[in-house]
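Trainee: I should like to take a close look at a single part of this structure. Would you please describe how one helix packs against its neighbours, and then turn to the ligand?

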Amino acid sequence: MTEHAPPDTRPSTGPDAAGRRPPAGEADVIVVGAGPAGATTAFYLAQSGLDVLLLEKSRFPREKVCGDGLTPRAVKALVGMGISVSEQDGWVRNKGLRVIGAGKRMELPWPELASYPGYGLVRTRHDLDETLARRAQQAGARLVEGVTVTGPVRHERTGRITGVVARAAGEEGERTYAARVVVAADGNSSRLSVGMGLSKRDDRPLGVAVRTYYKTPRHDDDYLESWLDLWDGDRLLPGYGWIFGMGDGTSNVGLGLLNTSAAFGNTDYHALLRKWLKGMPAEWGFTEENRTQPIRGAALPMGFNRTPHYYQGLLLVGDAGGMVNPFNGEGIAYAMESGEILARTITQALARARRAETERVLAGYPHALSQAYGGYYALGRVFVKAIGRPGLMRFATRHSMSRPALMAFALKLLANLTDPRGDAADRLVNGLSRLAPNPE
Ligand SMILES: Cc1cc2nc3c(=O)[nH]c(=O)nc-3n(C[C@H](O)[C@H](O)[C@H](O)COP(=O)(O)OP(=O)(O)OC[C@H]3O[C@@H](n4cnc5c(N)ncnc54)[C@H](O)[C@@H]3O)c2cc1C
């Protein structure tokens, strides 16, 4: 282990006679990308005394396309990092999920559990991501902003990753950074994983969603709101929608589609959003004049849609490893939780004396992920296939929206909120997850 040093911002010197450049920075671990997954990984690694370089292409604070909704799972992850989530510190609390579908609405409070707090939050990614990155820095991680990683550095003979090549904003040429292990926390497209030959899997779910913000009197809603069916007059549109009050005069409004939907890939998402919002009550103010941000979209990689999560010294975390929950599109909690699982694995691995032992511990990371989410995500993949059939989805919505007990169960299942030894609903969700076939 090395001592914490200030960020290394020196330009790399030129190549030697053999064409090799000395690394601009060395560390025990390089984490590429300082979103929720990377910042959390770096935080826990630094806390256990490792020297961590956290490389981020943008500069904080920065925007990120998101719904900005945080369930009790994410609250737990934030609290675990010692982050104050009080209202005085700018966090807006919610009590649960309001579901709208089949012409009905139902308010479902977050379940009362020992394992998770009974409230959720909203926070813009502009604020959330900077808070997490600064927390990692406080713990001792060396955050370098404005550095885009362009590819892996690999051992000539074994092909193992030994570092990364990067380009710093406003600088000529490229730098290299070296480390014992490298973490890909660079989000959905994960160029670093692709550079190591790890592409997305076509047999796993993927969503695409767009969102924007409107000035609206609904901004201080104390429930997250989810729309199960979207209508343009009497025509059913594809997809699912959300309206999350930001508490600052605006609401985050968006919609998404899954790749099991027939409309996926041939939909104009902007037009779809406008059609859906046209039918909203005028007093909510979801009009072009009240829109405060451009409509922007991105993909949601779900249900482990990039594997293996460990390959030749590279470990995948968060969206890079396709860890969004297929049931509800939530990704922040899973990015943070997988970051903690990964950091604990690396800490144990790098403390082993022999290389073969280190390797054995690192190779256990996919299994640890599978233990945490494998069965649940396998169920999620079945769910995603089922709701891709509009008839089945309409039947399920009509049937469940008049049954509050069934919907309370559905909330536990869809938001993955149960106690290990909880009530009958908890035991059913846990039992189903355990029984589901669980390939890594
Ligand atoms: C429209 C939409 C709405 C969503 N709504 C919600 C929601 O309400 N709640 C929820 O929990 N989840 C939501 N999600 C999912 C959530 O946004 C992601 O799951 C989450 O951001 C994953 O975190 P991450 O750290 O893995 O990746 P990211 O947040 O994508 O972070 C990756 C980081 O890596 C950096 N990076 C990328 N490439 C490089 C490179 N080459 N070099 C250096 N740095 C690099 C990026 O700048 C970024 O900072 C939504 C997603 C979308 C698209």
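**Helix H6 and its neighbours**

Mentor: In this predicted model, helices H2 and H6 are oblique to each other, because their axes meet at an angle of about 40°. H2 comprises residues 72–80 and H6 comprises residues 332–350, and their axes lie 8 Å apart. The crossing of H2 past H6 is left-handed. On the H2 side, the residues in contact are Arg73, Ala74, Ala77 and Leu78, and they meet Ala333, Tyr334, Met336 and Glu337 of H6. Sorted by class, this contact holds six nonpolar residues and two charged ones, with no polar residue.

A second neighbour of H6 is helix H1, which spans residues 36–47. The axes of H1 and H6 come within 7 Å and cross at roughly 35°. Here the crossing is right-handed. H1 contributes Pro36, Ala37, Thr40, Thr41, Tyr44 and Leu45 to the contact. From H6, the partners are Ile332, Ala335, Met336, Gly339, Glu340, Leu342, Ala343, Arg344, Ile346 and Thr347. The contact of H1 with H6 consists of 10 nonpolar, four polar and two charged residues. Met336 thus appears both in the contact with H2 and in the contact with H1.

The third neighbour to consider is helix H8, residues 365–387. H6 and H8 pack at an angle of about 150°, with 9 Å between their axes. Since angles over 145 degrees count as roughly antiparallel, H6 is roughly antiparallel to H8. H6 passes H8 in a right-handed crossing. Tyr334, Glu337, Ser338, Ile341, Leu342 and Thr345 are the H6 residues of this contact. Facing them in H8 are Tyr365, Ala368, Leu369, Ala372, Tyr373, Tyr376 and Tyr377. By class, 10 of the residues in the contact of H6 with H8 are nonpolar, two are polar and one is charged. Tyr334 and Glu337 meet H8 and also take part in the contact with H2, while Leu342 meets H8 and also belongs to the contact with H1.

Let us now turn to the ligand. The ligand is surrounded by 38 residues, and the closest are Glu56, Arg62, Gly67, Gly69 and Asp319. Gly67 has a polar backbone atom 2.8 Å from a nitrogen atom of the ligand. For Gly69, too, a polar backbone atom is 2.8 Å from a nitrogen atom of the ligand. In Lys57, a backbone N or O atom lies 3.1 Å from a nitrogen atom of the ligand.

Terms used:
Residues are numbered from 1 along each chain as its sequence is written. This is a predicted model: local features need pLDDT of at least 70, side-chain atom pairs count only at pLDDT 80 or more; totals for chains, interfaces and linings use all residues. Side-chain values use heavy atoms; hydrogens and water are left out. Axes are lines fitted to C-alpha atoms, for helices over the stretch in contact, and angles run from 0 to 180 degrees between N-to-C directions. Helices (H or I, at least four residues) and strands (E, at least two) are DSSP runs, numbered from the N terminus. Angles under 35 degrees count as roughly parallel, over 145 as roughly antiparallel, 65 to 115 as roughly perpendicular and the rest as oblique. A crossing is left-handed if the near helix is turned anticlockwise from the far one by less than a right angle, and right-handed if clockwise. Contact means heavy atoms within 4.5 Å. Ala, Val, Leu, Ile, Met, Phe, Trp, Tyr, Cys and Pro count as nonpolar, Asp, Glu, Lys and Arg as charged, and the others, Gly among them, as polar. A residue is near a molecule or strand if one of its heavy atoms lies within 4 Å of it. A polar contact is a pair of N or O atoms within 3.5 Å; within protein, one must be able to donate a hydrogen and the other to accept it, and residues adjacent in sequence count only if both atoms are side-chain atoms.
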